[in-house]
Amino acid sequence: MSDPRKLYIKTYGCQMNVYDSERMTEAMTGAGYVGTDSAGDADLILLNTCHIREKAAEKVYSELGRFRALKDANPDLRIGVAGCVAQAEGEEIMRRQPLVDLVVGPQSYHRLPEMEARARAGEKALDTDFPEEDKFDALKRRPRAKRGPTAFLTVQEGCDKFCAFCVVPYTRGAEASRPATRVLEEARDLVERGVREITLLGQNVNAYHGAGEGGDWSLARLIRALAEIDGLERIRFTTSHPNDMSDDLIEAHGTCAKLMPYLHLPVQSGSDRILKRMNRKHTAEGYVRLIERIRAARPDILISGDFIVGFPEETEADFQDTLNLVEEVGYGTAYSFKYSTRPGTPAAERAQVDAAEADARLQRLQALLTRQQRAVQESMVGREVGVLFEKPGRLPGQMVGKSDYLHAVHVAGSGIAPGDIRRVRITESGPNSLAGVAL
Ligand code: 5AD
Ligand code: SF4
């Protein structure tokens, strides 16, 4: 038998892309490939791209340009572009960069093995359809292969919310949920392979409404069913929209012990005027009250968020409203971005905020968020938390893992193995992680 071909995937962007890359690797394993960590060894290189950040397409072209030497050295090398940039600009990429053999949009990954065969035969293969069939069901899994203790599992994709700044509804398509039975099957398989924590993924994960026994299931019902799986110890989900934070999901945070006390709930702005222009369909006050209800269900929950500053027409007063909201909520962690235009989205046509002003606001917001993040991290010192250990740390004998609140924690690791969950007393808070002793 000939040696298997090697696949190198470089993944950009969100956790959903990480999950997609894993599934593509598994699918290509069925087509005679093994994964590699080095582009130099590869027979197939895939860039799994993200369109959320600024100049995403330009970064893809510069990365592709760097593969020219590899292609010269190995004429059998095939190069592909996947992900949201592929979806948005696939044909343009094919035209502009002759090195590219294959372009595959996020909803067509199950067609990758067949596309690779075409590319290998010398064709240019492009597929940016939104097919009817569920790609994840059609993508081959690799059962039995051992896994690390944590895994992502995409349960929902796409978005119908059309926030005025966002490309997701265009690149990932309409909101769609996977059937609950399939999700449960995949979760059981992951647990058999060693997984102890599953993070359910979706662009709008709390809008989940997958078909299940007795009709459509909510995310809360799915979580409760997952919690029944022996050996699965922790459940998380991301990313959520405030308007889909249903009562049963809030309640699950109080009643389901396996659901971790961490919630990423982006608000984007604290100004009602800007929220309206963003087409968010909720107010700042509504969001703050929602957080109060979530905290009533689970008082120690760590709240995370996303913010955009410098959205078209944002004034200093609007920005102050964002700072006030941050003060009121108190974030354990947060991601903040300067608004950048996405061609084709409604906000792209509007009057833009002065770039220097937007930079200054971003710095002010980040200073506040960093202060809050530090304070929350420091408040962990002296507390006892659960930690799921993932791997050895940088120092000899050290193990690192994540706390219930998703802080990185390292301990001197006598007798601790990856996959162990231990109670740990936190003794110290460093810049990016906590230190503690296992009890
Ligand atoms: N400009 C800046 N930030 C954006 N995000 C999405 N689109 C844009 C854009 N055009 C941010 C939002 C979202 C996160 C994933 O990325 O805050 O929640
Ligand atoms: Fe984009 Fe999220 Fe808004 Fe959907 S809800 S349009 S994914 S920011």
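Which residues of helix α5 (residues 112-120) are buried? I began my notebook with this question, and I found that the buried residues of helix α5 are Leu-112, Met-115, Glu-116, Ala-119 and Arg-120. Looking down the axis of α5, I saw that these buried residues fall within an arc of 140°, so they line one face of the helix. I set beside this the general point that an α-helix has 3.6 residues a turn, so residues three or four places apart point the same way. I also looked at what follows, and just after α5 I found Gly-122 with a positive phi of about 100°.

**The chain as a whole**

I noted before going further that I am reading a predicted model. I looked up the secondary structure and found 14 helices and 21 strands in the chain. The radius of gyration is 22 Å, close to the 22 Å that the globule rule gives for 439 residues, so I wrote down that the chain is as compact as a globular protein of that length. Along its principal axes, the C-alpha trace spans about 60 × 60 × 50 Å.

I then asked how much of the chain is buried, and the entry reads 53% of the 439 residues. For the contacts with a separation of 6 or more, I recorded that 71% are accounted for by residues 24 or more positions apart. The exposed area of the chain came out at about 19,200 Å², and carbon and sulfur atoms supply 50% of it. For the charges, I listed 59 positive and 64 negative side chains, with the centres of the two sets lying 3 Å apart.

**Backbone entries**

I kept a general rule in view here: most residues other than glycine have a negative phi, and most peptide bonds are trans. Where does the chain have a cis peptide bond? I found one joining Thr-238 and Thr-239, with omega at about 0°. I placed Thr-239 in the loop between β13 (234-238) and α10 (247-255).

I next looked up Glu-313, which has a positive phi of about 75° although it is not a glycine. This residue sits in the loop between β15 (302-309) and α13 (316-329), and at 33% relative accessibility Glu-313 counts as partly exposed.

Leu-406 received a similar entry, since its phi is near 75°, a positive value in a residue other than glycine. I located Leu-406 in the loop between β18 (398-403) and β19 (408-412), and with 30% relative accessibility Leu-406 counts as partly exposed.

**Residues checked across the fold**

I turned to Lys-10, which lies in strand β1 (residues 5-11) and is partly exposed, with a relative accessible area of 26%. Which residues is Lys-10 in contact with, leaving aside its neighbours within four places in sequence? I listed Leu-46, Leu-47, Asn-48 and Glu-63. I also checked Lys-10 against Glu-428, 418 residues apart along the chain, and found their C-alpha atoms separated by 35 Å.

Gln-352 was my next stop, and I placed it in the loop between β16 (333-338) and α14. Gln-352 is partly exposed, with a relative accessible area of 39%. Not counting residues up to four places away in sequence, I found that Gln-352 touches Pro-312, Tyr-339, Thr-341 and Ala-347. Between the C-alpha atoms of Gln-352 and Thr-199, which are 153 residues apart along the chain, I noted a separation of 36 Å.

I then followed helix α14 (residues 355-378), where I found Thr-370. At 33% relative accessibility, Thr-370 counts as partly exposed, and I recorded 34 Å between its C-alpha atom and that of Ala-82, with the two positions 288 residues apart along the chain.

Is Lys-276 buried or exposed? I first placed Lys-276 in helix α11 (residues 272-277). With a relative accessible area of 71%, Lys-276 is exposed, and I noted that exposed here means over 50% relative accessible area. My last entry pairs Lys-276 with Glu-378, 102 residues apart along the chain, whose C-alpha atoms are separated by 36 Å.

Note on methods. Residues numbered from 1 in each chain as written. Chains lettered and ligands numbered in written order. Predicted model: local features only at pLDDT ≥ 70, side-chain atom pairs only at ≥ 80, totals over all residues. Heavy atoms only, no water. Helix = DSSP H or I, 4+ residues; strand = E, 2+ residues; numbered from the N terminus. Rg over C-alpha atoms; globule rule 2.2 N^0.38 Å. Buried < 20%, exposed > 50% of the residue type's maximum accessible area, 1.4 Å probe, protein only. Contact = heavy atoms within 4.5 Å. Areas by Shrake-Rupley, 256 points an atom, 1.4 Å probe, with all protein chains shown as cover. Lys, Arg positive; Asp, Glu negative; His and termini not counted. Charge placed at Lys NZ, Arg CZ, Asp CG, Glu CD. Arc of directions from axis to C-beta.
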